[in-house]
Amino acid sequence: MTDVALTGAKGRMGSLIIDEIRNSPDLKLVAAIDIVGIGEPVLGDVRVSAAGDVRRVLRESHPDVLIDFTVPSAALDNIHAAADNGVALVVGTTGFSEEQFSIIEDTIKSAGIAAVISPNFSLGVNIFWKLVEMAARSLSDYDVEVIEAHHRRKKDAPSGTAMRTAEILRRCLGIEDIRYGREGMCERGREIGVHAVRAGDIVGDHTVLFAGPGERIEIKHQAHSRSAFAAGALRAARWVVRAPPGIHSMEEVLASS
């Protein structure tokens, strides 16, 4: 049995993760934390605790792993709290600055805990990244663009998945220039274009377009439901409690589980 604490418990992802835990006999929710719905029951006898009490809640509930789907500023506090209590981490929060991620790396290293940090926990997206890498190595002289679309309430843009995709392309193609949208007179150079769409209730679409003389190739992933992300996060939670200290990728989880 893996005991799970969850921050962002009342959010979209939090609610789906709780549903997945409810149907998973090997997982037990021992703490639920958020800034809203304080005191509300979520699963069994677990009620929502206030975000400001995260350290006390982790100390008293003794989870094996903390799953965090919040916002960067809150996630930093939650990661520190998990580190202080020796709790493993699964972090799906996106939008961290370079400085924030550096703090996270130092915190996890100093505490000697294991963490899986990924902008996307779905199996499909992780296969999508492998296909993008394969195509990039074969189409090095093609123009390449990344287009992502999400619901109108998503705060960070471009998405963490799009940024990871752009980083894969930059590494494979040796292109340093990333252009976030275009406007005015801007003839294309050797660059990676990244474009974000925010509209309606789109769960998450990511497309990489390779265009060359007389043809183009598109590699696309569309999420129909957030349940794929929730299932992947719990797969990571099961894996990380037995992982060595340090920050791990979802690719490692999928390769060994």
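User: I'm new here. In which helix does Ile127 lie?

Analyst: Welcome! Ile127 belongs to helix α5, which covers residues 123-138. Keep in mind as we go that this is a predicted model.

User: Why is Ile127 called partly exposed?

Analyst: Its relative accessible area is 41%. Buried would need a value under 20% and exposed one over 50%, with partly exposed in between. Ile127 has 41%, so partly exposed is the right term.

User: What makes Leu123, Ile127, Leu131 and Met134 a patch?

Analyst: A residue joins a patch only with over 30% relative accessible area and no salt bridge, and nonpolar side chains are joined within 5 Å. Leu123, Ile127, Leu131 and Met134 form such a nonpolar patch on the surface, and together they have about 380 Å² of accessible area. For Ile127 you can check one part yourself: its 41% is set against the 30% cut-off.

User: Is Ala136 buried or exposed, and how do you know?

Analyst: Ala136 also sits in helix α5. Its relative accessibility is 0%, and buried means under 20%, so Ala136 counts as buried.

User: Which residues does Ala136 touch, leaving out those up to four places away in sequence?

Analyst: They are Leu169, Cys172, Leu173 and Phe210. Leu169 is 33 residues away from Ala136 in sequence, while their C-alpha atoms are 6.5 Å apart in space.

User: What about Thr2: buried or exposed?

Analyst: Thr2 is found in strand β1. With a relative accessible area of 8%, it falls under the 20% limit, so Thr2 is buried. Beyond its neighbours within four places in sequence, its contacts are Asp26, Leu27, Lys28, Asp64, Val65, Ala237 and Val241.

User: How are the eight strands of the open sheet ordered?

Analyst: The order is β3-β4-β2-β1-β5-β6-β7-β13, and the pairing is mixed. At the edges are β3 (41-43) and β13 (246-248), because each of them pairs on one side only. On average, neighbouring strands are turned by 30 degrees against each other, direction ignored. Helix α1 (residues 12-22) packs on this sheet, where it touches β1, β2, β3 and β5.

User: How do you know that β6 and β7 pair?

Analyst: Pairing calls for at least two bridges. Strands β6 (residues 88-91) and β7 (residues 114-117) have three, in the parallel sense, so they qualify. In one of these bridges, Leu89 is the partner of Ala115. Strands β5 and β6 also run parallel, joined by four bridges, and here Asp68 has Val91 as its partner in β6.

User: Which way do Ala88, Val90, Leu89 and Val91 point from β6?

Analyst: Ala88 and Val90 point one way, Leu89 and Val91 the other, and all are buried. In a regular strand, side chains alternate between the two faces of the sheet.

User: What makes His62 and the bond between Ala157 and Pro158 worth a look?

Analyst: Most residues other than glycine have a negative phi, and most peptide bonds are trans. His62 is not a glycine, yet its phi is positive, about 50 degrees. This residue lies in the loop between α2 and β5. At 59% relative accessibility it is over the 50% cut-off, so His62 counts as exposed. The bond joining Ala157 and Pro158 is cis, with omega about -10 degrees. Pro158 is in the loop between β8 and α6.

How values were computed. Residues are numbered from 1 along each chain as its sequence is written. This is a predicted model: local features need pLDDT of at least 70, side-chain atom pairs count only at pLDDT 80 or more; totals for chains, interfaces and linings use all residues. Side-chain values use heavy atoms; hydrogens and water are left out. Helices (H or I, at least four residues) and strands (E, at least two) are DSSP runs, numbered from the N terminus. Axes are lines fitted to C-alpha atoms, for helices over the stretch in contact, and angles run from 0 to 180 degrees between N-to-C directions. Contact means heavy atoms within 4.5 Å. Patches are made of residues with over 30% relative accessible area and no salt bridge: like charges are joined within 9 Å, nonpolar side chains (Val, Leu, Ile, Met, Phe, Trp, Tyr) within 5 Å. Accessible areas come from the Shrake-Rupley method with a 1.4 Å probe; for residues, only the protein chains shown count as cover. A salt bridge is a side-chain nitrogen of Lys or Arg within 4 Å of a carboxyl oxygen of Asp or Glu. Buried means under 20% relative accessible area, exposed over 50%, partly exposed in between (1.4 Å probe, protein chains only).
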